[in-house]
Structures are given as C-alpha cells and as structure tokens.
Amino acid sequence: MAADLLRVRRRRAVARMKTVLYRARAYDTPDDSAFPLRRRPRAGRLGRRIDHGAGSFASVRAGHPDDTVIDLRAGILLPGLVDTHVHFPQVRVIGALGMPLLEWLDRCALPEEQRLASPDYAATIASEFVASLIAAGTTTSLVFGSHFAPAVDALFTEAARFGLRLTSGLVVSDRMLPEPLLTTPEAAYADAVKLASRWHGTGRARYAVTPRFSLSASDPVLAACAAVMAEVDGAFFTSHVNENKAEVTSVAGQFPDRSDYCNTYDHHGLLGARSVLAHNVHPLASELEVLAHRRTAIAHCPSSNAALGSGLFPLREHPAAGVPVALGSDVGAGTGFSLFKEGLQAYFMQRLLGDEGFALTPAHLLHLSTQAGASALGLGDVIGTFDVGKEFDAICLRPPVGTALDIGLRHAGSPDEALGKVFALASDADVADVWIGGVQIASGGFVRALRR
Ligand SMILES: [Zn+2]
C-alpha cells in the first residue's frame, strides 16, 4: 500500500511517549505477498509505536495539531529490512570471487575467522559489521557469530549501542576446520549458556544456537546444541543446509545413519519454529516435508549461491511444500549487505529457471526483505510492515539527484513501478535515514549511537 502519513509514538530519553507525524511517500509490505499468497486481516489495534496508518495529511493533522511533523516527501519510506543470514566475521573478505564453497572456506573465510581470536580485532570487526548493517538499512538480523565467545560478546555490545534487533550466538564445530576454530561438546555448551545468560532477552538481543554446519559438527556437538536449546528458553537455532552438492555428499559420508542432511539436525530435535537454515539449494522432497512440518524457515542467499556457483534455489518448491523463505546476504560469500541486491538476485535466479521459477514481483521482493524475515525470526507481529500496532522500524531512501534511481522514482507511475526501480537500482548509498523502534539511528547517511 502507499501511505502519505504515518503517526508514530516514540520514546524520548525522558521516558515519556511523544507522537510524531511522518509525512512521507511510504510503501508498505503488502498483506498478500506471502507464499502462497494470503490475505491477513488488517489490524485495527492501538499501537505501541505506529498508531495511525494511511490517511490524508490534512485530516490526521487536524486531529493532532500539536504533534511534531517530519516531512520525508523527498524520499521513499519503507519498513526496515531484515537479513536472516549474515556472517559477522566476514565483512573484510567480501568479494573473493572464483571459488566453490569448500575452497572459499579454506582460502578466505576460515583464515579471517581465526583472527577474531583477538578481542581487539573482534571489536574492530564488530564495529565495521554493525555500521555496514545500518548503512544497508538492515534493522533486524539473524547473524552467524564467531567461534570465539569474546568476539560474540563484542558483536552484541556493538549492536546494543544502536538498538539493532540482533539474534546471534557462538559458532561451534569440533572437526574439519582449522584447530583454533574447534571446541568440545562440553565447552560448546558452557560457553553458549554463559553468553545467552548475558544477552538473550537483553534489550533487543536474542541468542541463536549455531553449529557451523553438520559437516564440521559431530553428533556430540549437535547434542550439546540441543542441550543449550533446552536450557535457554526461547533460543533460536541456525545453521547451513544443502548449499553445495560436494558438501551434501560429504555430510552423507559423515552421517551414514541419517536419512539426509536435514535429518542430521532433526535427529537432535534442533528444527522447529525458531530455527532458520541457510541455503537449501539442493533439498530432497522428504526434507521439505520435514521442514514444513517443523515450521523451520529457509534463509535464501541468492548472491552467495551465484558467486559460489552453488546452484539455482528452488523457490517454487518451498512455498508449495509449506516451507517459509526469507532473504539473507550471507556476507562474505555474498556481494555486500544490501537486501535490495539480494532481492534483485533472487528475481534473476527465478527468471533463469524459466518455467520452473517463481515469478517474483516487486511486492514479493519487499515482502521477502521485510515481513518474511520478521516472521522467520518470530517478530512477525512486531515489525516487518507499517501495520498499526507495530514498532516503527523504517528506512528512508533518498537517492542523489540525477541518479537513475532518483529519475526513476520521480517518474514512477505506481507503487509497484517504484518498488521495481528500488530493487533494480537502490544501493547502500541511497539509504539516508534509519529508525528502529521509533528512534532514528542514521540520519543523512551518518549513524549515531543511542543516548543512554
Ligand atoms: Zn552462511
């Protein structure tokens, strides 16, 4: 829907609620872009943050003459973007092209990940990573953490400075990786519970139990992960699955007693409604059935799938089986933090699949980048759209004058046309303002930490 006004309550430092009228060209995630298309009833409840949706400025202003008005009509207002799979330690290794998954891990990702053993280095990377998320307009994320607990601590600390909605955890493995990245089942459990006790439910942080992938995590480590899930109420689970054919074959060799890759996790009870698995480019029908039954979501990372030559994601099969799908940038195997680029790449991939592909529209892309991710992360009722009652997580795009996006948006004939131009042309440089929970954390492209 397009709205020209949003009335938002926001919390001031003095803890009293102040209401602001945002006058904007706002494009909201449509009700009916779920897979398969479904129409949700529009909520009429009073909001903690957004308490008035679409309406003419004059009529709403007349009812609230004392509210502050912020005029954003020079740009386009969208719900904050949600990235459901992005690797914290890999911000500096983006752009290493030309290798398949397992070679890329050995040569690029894993050497960099070992450097996060240094708390100073990890703190620097945390600051670069969080700044990159905000610059891309990503207000909510499920972040693949580090193998080192102090580094994960640094990530949560940095995200809290800006009030980001961040779910993450310690990455654990006990084989197949360089020795400094390995742990034991006992340490994997103890370190995770300690981190979760500090961060799970603190502000907007939540803990995600994170074995790297079952290729590098033995049954005892996966059992330790299940023990953490049992110990930490409401914890999330995330890992990788069915990314690359060589990887799938190796996992089958590692787990001869399991029916398939998904079963390596499901055997330990790790798949559920709070689980998100990245990729699933090569699923079996039986795996899709299990994922749907468990209500486990897939983080589709199309740039990474293309860069590593992993394959063309069978999007159509997922909703057909009842498996939820959202988007992930997968940095660093991807090509940056922008979910606009991921949306465009998802669109390209489905086009390349011809009749087998899912015909994605601009509205689908907005849905995949916002509400689908929010739902996968259990925040579907909190963020993801500008529905009345939701918290005001938003970004304002203001492309530089004279750029193709600026020209396109000025001449777009409809919201769908404008959204198509956004996904085709927008980049981090066009994200001017960012709000989370009604508080602005980036303004004119500059980020600012919350005042305490
Ligand atoms: Zn990944």
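Let's start at one small spot: M176 is partly exposed, because 17 other C-beta atoms lie within 10 Å of its own, while a residue needs 20 or more to count as buried. You'll find M176 in the loop between β8 and α5. Its backbone has a quirk, too: phi is positive, about 70°, even though M176 is not a glycine. Keep in mind as you look around that this is a predicted model.

Now hop to another residue with a similar story. D330 sits in the loop between β13 (325-327) and α12, and its phi is also positive, near 55°, again in a residue other than glycine. Is D330 buried or exposed? D330 counts as buried, because it has 31 C-beta neighbours inside 10 Å. Stay in that loop for a moment, since G332 lies there as well. The peptide bond that joins V331 and G332 is cis, with omega about 5°.

Follow the chain out of the loop and you reach helix α12, which covers residues 339-352. From the first C-alpha to the last, this helix of 14 residues reaches 20 Å, close to the 20 Å you'd expect at 1.5 Å a residue. How many of the residues of α12 are buried? The count is 11 of 14, so the helix is largely enclosed by the rest of the structure. Among the buried ones are L339, F340, L344, Y347 and M349, but K341 and E342 are buried too. Just after α12 comes G354, with a positive phi of about 60°.

Time to zoom out. The protein has 16 helices and 17 strands. Its radius of gyration is 21 Å, close to the 22 Å that the globule rule gives for 452 residues, so the protein is as compact as a globular protein of that length. Along its principal axes, the C-alpha trace spans about 70 × 50 × 40 Å. Of the 452 residues, 54% count as buried. Look at the contacts between residues with a separation of 6 or more, and 76% of them join residues 24 or more positions apart.

Next, let's walk through some strands that sit side by side. Begin with β5 (residues 81-87), where 7 of the 7 residues are buried. β5 pairs with β6 in the parallel sense, over 5 bridges, and D83 stands opposite S141 in β6.

From β6 (residues 138-144), the next step is β7, and these two strands pair in the parallel sense over 4 bridges. How does the chain get from β6 to β7, and what is the hand of the crossover? The chain goes through helix α4 (residues 149-162), and this β-α-β crossover is right-handed. One bridge you can pick out links L142 to its partner T167 in β7.

β7 itself (residues 165-168) is worth a closer look. In a regular strand, side chains alternate between the two faces of the sheet. In β7 both faces are covered: R165 and T167 on one side are buried, and so are L166 and S168 on the other. β7 also pairs with β9 (residues 205-211), again in the parallel sense, over 3 bridges. T167 turns up here once more, with R206 as its bridge partner in β9.

Between those strands along the chain comes helix α5 (residues 185-199). Its 15 residues should span 21 Å at 1.5 Å a residue, and its end C-alpha atoms are 21 Å apart, which agrees. What do the buried residues of α5 pack against? Their partners are α4, β8 (171-172), β9 and α6 (219-231). The buried residues of α5 are A188, Y189, D191, A192, L195, A196 and W199. After α5 comes G201, with a positive phi near 85°.

Finally, how confident is the prediction? The mean pLDDT of the protein is 90, and 90% of the residues reach 70 or more. Residues 12-16 fall below 50, and beyond near neighbours in sequence that stretch has 2 contacts in the model. Residues 32-48 stay under 50 as well, and for them the model has 29 contacts beyond four places in sequence.

Conventions. Residues numbered from 1 in each chain as written. Predicted model: local features only at pLDDT ≥ 70, side-chain atom pairs only at ≥ 80, totals over all residues. Buried ≥ 20, exposed ≤ 12 C-beta atoms within 10 Å, placed from the backbone. Pairing = 2+ DSSP bridges. Right-handed = clockwise from strand over helix to strand, strands pointing away. Expected span 1.5 Å × (residues − 1). Contact = placed C-beta atoms within 7 Å. Rg over C-alpha atoms; globule rule 2.2 N^0.38 Å. pLDDT = per-residue confidence, 0-100.
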